[in-house]
Amino acid sequence: MDYFAQQLINGIVLGSIYGLIAIGYTMVYGIVGMINFAHGDIFMIGGFIALISFLILVSIGLTVVPVILLIVLLVSMAITALYGWTVERIAYRPLRHSFRLAPMLSAIGMSFVLTNYSQIAQGARVKPVPPIITGGYTLHEGSEGFVVRLSNVQIIVVITTVVLLAIFTWLVSRTRLGRDMRACEQDQTMAALLGVDVDRTISMTFVIGAALAAVAGMMYLLYYGLVDFFMGFVAGIKAFTAAVLGGIGSLPGAMLGGLLIGLIETLWSAYFSVEYKDVAAFSILIVVLIFLPTGLLGRPEVEKV
Amino acid sequence: MTAPAPGPVQASRLPGVAFIFKKALISALVALVLFSLMIGIRTEAGPTGQLIYWTRFGDLAAMVATVFGGSIVVELLRQWWGPVGTVRIVPPSVQSTLAVARRAIAPILLIFTFLVPVIFYDQRYILDLGILVLTYVMLGWGLNVVVGLAGLLDLGYVAFYAVGAYSYALLSTNFGLSFWVCLPLAGILAAFWGVLLGFPVLRLRGDYLAIVTLAFGEIIRLVIINWQSLTGGPNGVSGIPRPSFFGIPLTPGDDGLAAKLGIEFSTTHRIVFLFYLILALALLTNWVTIRLRRLPIGRAWEALREDEVACRALGINTTTTKLTAFATGAMFGGFAGAFFATRQGFISPESFTFQESALVLAIVVLGGMGSQLGVALAALTMIGGFELFRGFDQYRMLVFGLAMVLLMIWRPRGLIGHRAPTVFLRHSQAISSELAREGRG
């Protein structure tokens with residue numbers, strides 16, 4: 001039971017990270033109808049920028065951990081958001097009215113560019129960082145000496161995710177920008193006729209998605225203590241699986257899907273085999289798409305001629 | 001949105017120097033922020049495991065300057081070239097010459113390919129490169145059935161390539177089956193996997209299908225890596241038998257082909273044999289595709305690519321149609337895989353990554369989705385280009401990715417050709433709105 005509780009905690013933390021990435025997929029899919037294949041790499045870039053800014057802050061002598069974390073968070077969100085904006089501007093905007101496979105292929109190309117760009121810029125080796133946040137709480141001490149622990153990093157990851165999700169839900173449901181986004185999602189031409197700047201709204205969608213991916217990248221760095229240039233690929237597919245599982249286009253769905261994928265992956269590793277955890281996650285994607293193509297919270301898609 | 005309207009007013013709409021300069025400045029500023037940390041700072045794990053970093057402001061400045069200059073050049077080019085999408089009139093005489101060249105290029109290329117082993121008999125490097133190019137031509141033609149004809153975006157094609165390669169490798173090393181027995185088996189097994197994957201997922205829409213095939217490709221690769229007792233895991237399978245000339249081994253011994261023909265043995269014989277083998281396999285793929293295109297099933301594929309909803313309305317069973325395309329493509333992938341295994345003599349999961357799928361897909365897209373000649377030329381360009389960039393290994397995939405993005409922006413329908421449906425009505429009927437209203441349309 002203790003073992004299960006511990007895995008549950010780990011799964012929720014991992015799931016929060018997937019959920020943050022999944023939001024970017026789901027928003028972009030909702031508004032432009034394309035799978036932003038490069039989103040996983042945006043997450044990776046976010047991790048790298050968090051790492052580099054953290055190193056700089058430490059080396060100039062800053063020692064107050066909360067201040068460091070806040071600055072790192074803001075810097076990586078800002079720069080990664082600019083990456084998201086640039087990717088959209090270069091690779092997707094010119095293709096908005098092209099044939100239907102074009103944006104997908106362009107996104108694959110962009111994903112290669114970003115992966116190899118960071119490999120060339122930062123080298124192929126894994127970058128480890130010493131644990132930044134240490135300590136935690138012992139929740140329960142089992143009879144066989146097994147301890148259920150909740151570390152401070154885990155608490156921070158979950159709290160950050162919840163806070164960001166709250167801010168974000170407010171943004172989409174209460175602000176002008178959110179209204180524009182939902183309008184573009186339904187009908188771009190009509191939205192444009194009613195004075196919504198479609199180009200700007202789509203750009204903002206990418207910017208927000210990238211900022212959330214940056215947060216996920218930073219959380220990943222804090223939690224696992226390492227980044228490498230290839231981590232975006234697998235994390236990206238899993239987050240996409242999460243988005244599909246939750247119902248693509250639905251924000252709470254993305255978070256729910258992320259949590260489920262995180263839990264399934266952790267529990268699978270704990271009880272079956274670590275080697276096949278990615279296989280399990282990918283199989284879920286296939287199974288979900290077969291039996292539940294609209295996801296848990298998605299709306300059925302009506303195909304019109 | 002802001003493209004200048006064509007016509008006489010164009011001259012006054014041309015942006016001035018100030019505009020170009022402003023745009024380049026913004027680009028440079030964006031580049032400065034983007035590259036500031038990623039290029040300006042280099043991190044590396046130090047000798048004690050502690051991360052260290054050093055600055056590279058020179059590189060950063062160079063990159064930003066390149067973006068600034070590049071942005072000006074692009075803007076100038078755009079002005080010189082005019083708005084994208086206008087029709088450029090090619091004089092009829094040039095058009096007819098082009099048409100002749102177009103018709104002549106396929107036979108010339110084919111004859112040249114047949115003669116390659118004769119001309120370059122002594123140059124092992126060229127022969128090896130030729131085999132590599134032909135392997136990708138075959139893979140491209142195989143994937144072309146799925147992507148080009150049926151319009152299904154398959155991002156996991158390498159899975160079938162892997163199934164073919166491992167089928168041959170395992171059957172021959174474990175049971176001693178010969179290449180010629182395993183070749184059809186590899187194709188059948190790959191097709192079987194294609195059906196297995198395709199049956200449940202082919203009801204999905206374009207991009208969902210793409211992701212599922214990608215996931216499938218990764219699953220196959222991960223299973224190969226982890227199922228160590230069967231596949232040897234990351235170490236791969238080695239000692240895969242070389243192919244025989246229909247049972248006669250290509251060895252220096254008494255029962256070898258050279259001894260039987262009474263000529264002196266040379267290792268080049270095997271290379272030449274492999275060259276013609278892959279050429280034959282590729283041509284088989286091409287021939288089957290061309291024939292299939294004339295059958296009802298091929299026409300259904302093309303119809304499916306053009307409009308799935310219309311297909312369903314006309315009573316075409318879209319699931320079976322997609323499934324056959326998938327299985328056919330997978331089968332050719334399996335053949336190519338078996339060939340790959342016998343040529344290399346060693347295979348490992350390293351050869352079957354997503355990059356490989358993307359490369360084959362890029363060949364098909366570059367070739368113009370459905371055009372057989374286009375795919376062959378694209379494979380030649382891509383693999384040849386990769387060889388040229390051999391010295392810049394680490395920039396290879398970066399350039400590849402950039403090329404893919406630029407290609408999609410510039411010529412989304414492919415560089416070399418675009419294949420229109422094989423059949424269409426001889427004269428298009430104009431239907432007036434009145435007839436349509438009466439329900440006769």
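In the predicted model, B:Gly151 adopts a positive phi of about 70° just after helix α5(B). That helix, α5 of chain B, spans residues 124–149 and contains 26 residues. Its first and last C-alpha atoms are 36 Å apart, close to the 38 Å expected at 1.5 Å a residue. Helix α5(B) is nevertheless bent, by about 45°, at B:Leu143. The helix is mostly covered, with 19 of its 26 residues buried.

A second local feature of chain B is a hairpin formed by β1(B) and β2(B). Strand β1 of chain B covers residues 41–45 and strand β2 of chain B covers residues 51–55. The two strands run antiparallel and are joined by five bridges. One pairing places B:Ile41 opposite B:Thr55 of β2(B), its bridge partner. Five residues lie between the strands of the hairpin, where B:Gly49 has a positive phi near 90°. A positive phi is thus found for B:Gly49 in the hairpin of β1(B) and β2(B) and for B:Gly151 just after α5(B).

Chain A was examined as a whole. Eleven helices and four strands were assigned in chain A. The radius of gyration of chain A is 19 Å, which agrees with the value near 19 Å for a compact globule of 305 residues. Along the principal axes, the C-alpha atoms of chain A occupy a box of roughly 65 × 50 × 40 Å. Of the 305 residues in chain A, 50% are buried. Contacts in chain A were also sorted by sequence separation. Among those between residues at least 6 apart in sequence, 75% connect residues at least 24 apart.

The contact between the two chains involves 57 residues from chain A and 48 residues from chain B. On the side of chain A that touches chain B, two or more residues are contributed by each of the helices α2 (39–59), α3 (65–92), α4 (102–122), α9 (231–246) and α11 (277–291), and by strand β1 (127–128), of chain A. The largest share of this side comes from α4(A), which supplies 15 residues. By class, the side of chain A that touches chain B comprises 40 nonpolar, ten polar and seven charged residues.

Definitions and conventions. Residues are numbered from 1 along each chain as its sequence is written. Chains are lettered from A and ligands numbered from 1 in the order in which they are written. This is a predicted model: local features need pLDDT of at least 70, side-chain atom pairs count only at pLDDT 80 or more; totals for chains, interfaces and linings use all residues. Two residues are in contact if their C-beta atoms, placed from the backbone, lie within 7 Å. Ala, Val, Leu, Ile, Met, Phe, Trp, Tyr, Cys and Pro count as nonpolar, Asp, Glu, Lys and Arg as charged, and the others, Gly among them, as polar. The expected span of a helix is 1.5 Å times one less than its number of residues. The bend at a residue is the angle between axes fitted to the seven residues ending there and the seven starting there. A residue is buried if 20 or more other C-beta atoms lie within 10 Å of its own, exposed if 12 or fewer, and partly exposed in between; C-beta atoms are placed from the backbone. Two strands pair if DSSP finds at least two bridges between them. The radius of gyration is taken over C-alpha atoms; the globule rule is 2.2 Å times the number of residues to the power 0.38.
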